[in-house]
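I set down here what I looked up in this structure, entry by entry. The entries pass from single residues to the whole chain and back again.

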Amino acid sequence: MENLKLPTMRVTSAVLNAVIHELRVLLGERVSTSASALANRSRDASYHKPRPPDAVCLPHSTAEVAEIVKICAAHSTPIIPFGTGTGVEGNAIALHGGICIDLSEMKDVLAVNLSDLDCTVQAGVTRKQLNVHLRDTGLFFPIDPGADASIGGMASTRASGTNAVRYGTMLENVLGLSVVLPDGGIIKTSRRARKSSAGYDLTRLFVGSEGTLGVITEVTLKLYGVPAAISAAVVSFTDIEGAVNAVIRTIQLGVPVARMELLDEVQMEAVNRYSDLDYPVQPTLFMEFHGTEAGVKEQAELVGDIVSEFGGGGFQWATEAEARSKLWQARHDAYYAAQAMSPGRKGWPTDVCVPISRLAECIIETKKDLRESFLTAPILGHVGDGNFHVVFLINPEDTEEVAEAERLNERLVMRALALDGTCTGEHGVGLGKMKYLLAEHGDAVTLMRAIKRTIDPQNIMNPGKVVNS
């Protein structure tokens, strides 16, 4: 298949002025070109340099998004969908300027179908907002990437997080989407049925597309019953190999653990300082069990036997909601805890995912690289599904530190690929992982470019991301 080049974006100031004028006629004060509005959408949580859009739009409906896109399409003007800005691979940075469609004011929960265990929300609803809305229904939405990300953003990056080992990722939990295409047309990718054999699976095409094929405006999601019993535990290990092997054995035995998080000794020291905890500074697993009272007790006992076999001990249990919340808040704050270890430095987070049987090998070799480097870089991850993160702490202005982080990151990614893994388990491709896509997918990248060009021939949807030419 030929290598299809994507067109390069070039928009003159005269064209931009015309676009912004038309958008203001449509949305009035919900179009902004103020310096603060542009700066706030110029970056995400990554190390990538900020690049501001030329204007920000705040639509309230799918219909308004469609009109914005039609105006931009008529003038071949780039469009950058924006959620909460919590991405870590530069997914929503406006490389070529253009119009940022900020979906944060599209925050209605449109329907909750209790009998069918599903709901439909606008893309700007965040995961925490949704669970607050569901609080009295006996249902919850389990995907928890840590940050209070928008549901639209989570669908766009195929997010997962701490609960993925039991409940899956966004890929398994999105039932359907409303999407505005690059010409302003609106489609629904599926109905609410739990399965279908009707035509191409368009839902899965747009989940993980990072705004490069269209703007996700509404999402239909699976919901789950709140477990009758929940128990959390922390257990420390003498070495990283024992911790990882305990995870592997737990998964291979089919124990339905809800969360299984690994923090290495560097990350544990940071977490203790930042969250005022006193856990041993050793490789540590944070775990959570969901089910009936008897089921949770059985799971915990079985895992207790497993971890003791691999050198784990000193279980600390958290069964009360407040104690569990403190534990998982500490885990979610791990990135900020890592940054606090080196004031003035910025975190460069990266992630890979490998088959669970190769996880120990991948982490141990990565730890070896880090011991031989002058950079500090904690490891943590959702290891129950083979996914882990490294956070390089760097001064972005120090070329030596940046080069070392790039070297270590490349070694990590290529190691994961050699183990039949992926360059990113949940962060997405964005800017940071584009150069590894060909090594992972080979000729399939040409097909991805062909899909992109067919759906978005002007290359106006989040240009320069994922499958850039």
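**Entry 1. Leu-437.** I began with the contacts of Leu-437 in this predicted model. Setting aside residues up to four places away in sequence, I found that Leu-437 touches Val-429, Gly-442, Val-445, Met-448, Val-466 and Val-467. I then looked up its element, and Leu-437 belongs to helix α16, which covers residues 437-441. Is Leu-437 buried or exposed? Its relative accessibility is 5%, and it therefore counts as buried, the cut-off being under 20%. I also checked one distance across the sequence: Arg-158 is 279 residues away from Leu-437 along the chain, and their C-alpha atoms are 16 Å apart in space.

**Entry 2. The chain as a whole.** I next turned to the overall make-up. I noted 17 helices and 18 strands in the secondary structure of the chain. Along the principal axes, the C-alpha atoms fill a box of roughly 65 × 55 × 45 Å. I asked which radius of gyration a compact globule of 469 residues would have. The expected value is near 23 Å, and the chain has 22 Å, so the two agree.

**Entry 3. Burial, contacts and surface.** I recorded that 56% of the 469 residues are buried. Of the contacts with a separation of 6 or more, 73% join residues 24 or more positions apart. The accessible surface of the chain is about 19700 Å², and carbon and sulfur atoms hold 50% of that area. For charge, I noted 44 positive and 56 negative side chains, with the centres of the two sets 4 Å apart.

**Entry 4. The nonpolar cores.** Which residues touch the most other members of the largest nonpolar core? They are Ile-363, Phe-388 and Phe-392, in a core of 50 residues. Helix α15, residues 399-418, gives the most to this core, with seven residues. A separate core of 25 residues lies apart from it, including Leu-139, Ala-155, Val-207 and Leu-223. I then listed the partners of Phe-388, leaving out residues up to four places away in sequence. Among them are Val-352, Leu-359, Cys-362, Ile-363, Ile-379, Leu-380, Val-383 and Leu-412. Phe-388 also touches Thr-350, Asp-351, Thr-366 and Gly-381.

**Entry 5. Tyr-224.** I located Tyr-224 in strand β11, residues 224-225. Its relative accessible area is 23%, and Tyr-224 is therefore partly exposed. Beyond its neighbours within four places in sequence, Tyr-224 is in contact with Gly-138, Leu-139, Phe-140, Pro-142, Tyr-167 and Asn-173. Leu-139, one of these partners, is also among the members of the core of 25 residues. I looked up Phe-141 as well: 83 residues separate Phe-141 from Tyr-224 along the chain, and 6.4 Å separates their C-alpha atoms.

**Entry 6. Two loop residues, Thr-77 and Phe-310.** Thr-77 is placed in the loop between α3 (62-74) and β3 (79-82). With a relative accessible area of 0%, Thr-77 is buried. Its contacts, neighbours within four places in sequence aside, are Val-11, Val-15, Leu-16, Val-19, Cys-72, Gly-98, Ile-99 and Ile-460.

Phe-310 sits in the loop between α11 (293-309) and β15 (312-318). Its relative accessible area is 21%, so Phe-310 is partly exposed. Phe-310 is in contact with Phe-237, Gly-242, Asn-245, Ala-246 and Arg-249, again without its neighbours within four places in sequence. I noted for Phe-237 that it is 73 residues from Phe-310 in sequence and 7.9 Å from it in space, C-alpha to C-alpha.

**Entry 7. Positive phi angles.** Most residues other than glycine have a negative phi. I therefore recorded Glu-210, a non-glycine residue whose phi is positive, at about 55°. Glu-210 is in the loop between α8 (202-206) and β10 (215-222). At 6% relative accessibility, Glu-210 counts as buried.

Asp-276 is not a glycine, and its phi is positive, near 55°. I found Asp-276 in the loop between α10 (265-275) and β14 (284-291). Is Asp-276 buried or exposed? Asp-276 is exposed, because its relative accessible area is 66% and the cut-off is over 50%.

Definitions and conventions. Residues numbered from 1 in each chain as written. Predicted model: local features only at pLDDT ≥ 70, side-chain atom pairs only at ≥ 80, totals over all residues. Heavy atoms only, no water. Helix = DSSP H or I, 4+ residues; strand = E, 2+ residues; numbered from the N terminus. Rg over C-alpha atoms; globule rule 2.2 N^0.38 Å. Buried < 20%, exposed > 50% of the residue type's maximum accessible area, 1.4 Å probe, protein only. Contact = heavy atoms within 4.5 Å. Areas by Shrake-Rupley, 256 points an atom, 1.4 Å probe, with all protein chains shown as cover. Lys, Arg positive; Asp, Glu negative; His and termini not counted. Charge placed at Lys NZ, Arg CZ, Asp CG, Glu CD. Core = buried A, V, L, I, M, F, W, Y, C linked by side-chain atoms within 4.5 Å.
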